[in-house]
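Subject: Structure handed over, with findings

Dear colleague,

Please find below the sequence and the structure that I am passing on to you. My notes on what was found follow directly after them.

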Amino acid sequence: MRKLTREERAYIAGFLDGDGCIMLQLIFRKDYIFGYQIRASIVFYQKQRNRQFLEWLKEKLENGYIRNRNDGMSEYAIVGFVPVKEVLISLQPFLRLKKEQVKTSLLVIDRSPKSGRQMTAEHLLKLAKEVDKFAWMNYSKKRTNTAVQVKQFLMLRNLMDPVETDS
């Protein structure tokens, strides 16, 4: 990401606060050992007639993609731990409404292993619970993948370490 001026960072942060969304999602992946991955993304929305603003934004943030939806809206999405973290850190001092989402997003990103091969079932479940808290902050309505589903998947496949109890 190129160096943004203080004014650009403040403007983009205001836009994210109003017409943007920070997301952490649990994505089911049948090809993953533990069945799920955590996806971090930032999405900006605008009517298609104002798509050029999203093009400007993409040029400034140097990441992501823009697509036109069927409902007359365009969205600019940045996906992945590294680019999302970079943008959030840059905009964090200027955000007002999404301060808690940024804090939780950075916590989940920082606690996620750099490689999926380093993930454990227990760690994924802990992170999934943080993603559940995050979804509550975003008033998520359509969520189907939650920590409960992750735990069920892990238990069904005997991927969780047994819990030891005192005799």
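Helices are DSSP runs of H or I with at least four residues, and they are numbered from the N terminus. On that basis, Arg111 belongs to helix α4, which covers residues 99-111. Please bear in mind throughout that this is a predicted model.

Overall architecture

The protein chain contains 6 helices and 4 strands. Read from the N terminus, the order of its elements is α-β-β-α-β-β-α-α-α-α. Along the principal axes, the C-alpha atoms of the protein chain occupy a box of roughly 65 × 35 × 25 Å. Of the 167 residues in the protein chain, 43% are buried.

The hairpin of β3 and β4

Strand β3 (residues 65-68) and strand β4 (residues 73-79) run antiparallel and are joined by 4 bridges. Within this pairing, Tyr65 of the hairpin faces Ala77 in β4. The hairpin has 4 residues between the strands, and Gly72 adopts a positive phi near 90 degrees there.

Salt bridges

Side chains of opposite charge can pair when their charged atoms come close. The count of salt bridges in this model comes to 9. Three of the pairs are described here, together with one network.

Asp71 and Arg69 are joined through their side chains by a salt bridge with an N to O distance of 2.7 Å. Arg69 has a relative accessibility of 23% and therefore counts as partly exposed. Both residues also take part in a network of salt bridges that links Arg67, Arg69, Asp71 and Glu75.

In helix α2 (residues 51-61), Arg51 and Glu55 are about one helical turn apart, because 4 residues separate them in the sequence. Their side chains form a salt bridge at 2.8 Å, N to O. Arg51 is partly exposed at 23% relative accessibility, and Glu55 is likewise partly exposed, at 36%.

A further salt bridge connects Asp31 with Arg29, where the closest N and O atoms are 3.2 Å apart. Asp31 has a relative accessibility of 55%, so this residue counts as exposed. Arg29, with a relative accessible area of 27%, counts as partly exposed.

A positively charged patch

Which residues gather in a patch of positive charge on the surface? They are Arg111, Lys126, Lys129 and Lys151. Arg111, the residue of helix α4 introduced above, is partly exposed, with a relative accessibility of 46%. That value satisfies the requirement for patch residues, which must have over 30% relative accessible area and no salt bridge, as far as accessibility is concerned.

Positive phi outside glycine

Two residues deserve a separate remark on their backbone. Glu62 is not a glycine, yet its phi is positive, at about 55 degrees. This residue, Glu62, sits in the loop between α2 and β3. At 41% relative accessibility, Glu62 is partly exposed.

Asn158 is also a residue other than glycine with a positive phi, here near 55 degrees. Its location is the segment after α6 (147-156). Asn158 counts as exposed, because its relative accessibility is 69% and the exposed class begins over 50%.

With kind regards

Key:
Residues are numbered from 1 along each chain as its sequence is written. This is a predicted model: local features need pLDDT of at least 70, side-chain atom pairs count only at pLDDT 80 or more; totals for chains, interfaces and linings use all residues. Side-chain values use heavy atoms; hydrogens and water are left out. Patches are made of residues with over 30% relative accessible area and no salt bridge: like charges are joined within 9 Å, nonpolar side chains (Val, Leu, Ile, Met, Phe, Trp, Tyr) within 5 Å. Accessible areas come from the Shrake-Rupley method with a 1.4 Å probe; for residues, only the protein chains shown count as cover. A salt bridge is a side-chain nitrogen of Lys or Arg within 4 Å of a carboxyl oxygen of Asp or Glu. Lys and Arg count as positive and Asp and Glu as negative; His and the chain ends are not counted. The place of a charge is taken as NZ of Lys, CZ of Arg, CG of Asp or CD of Glu. Helices (H or I, at least four residues) and strands (E, at least two) are DSSP runs, numbered from the N terminus. Buried means under 20% relative accessible area, exposed over 50%, partly exposed in between (1.4 Å probe, protein chains only). Two strands pair if DSSP finds at least two bridges between them.
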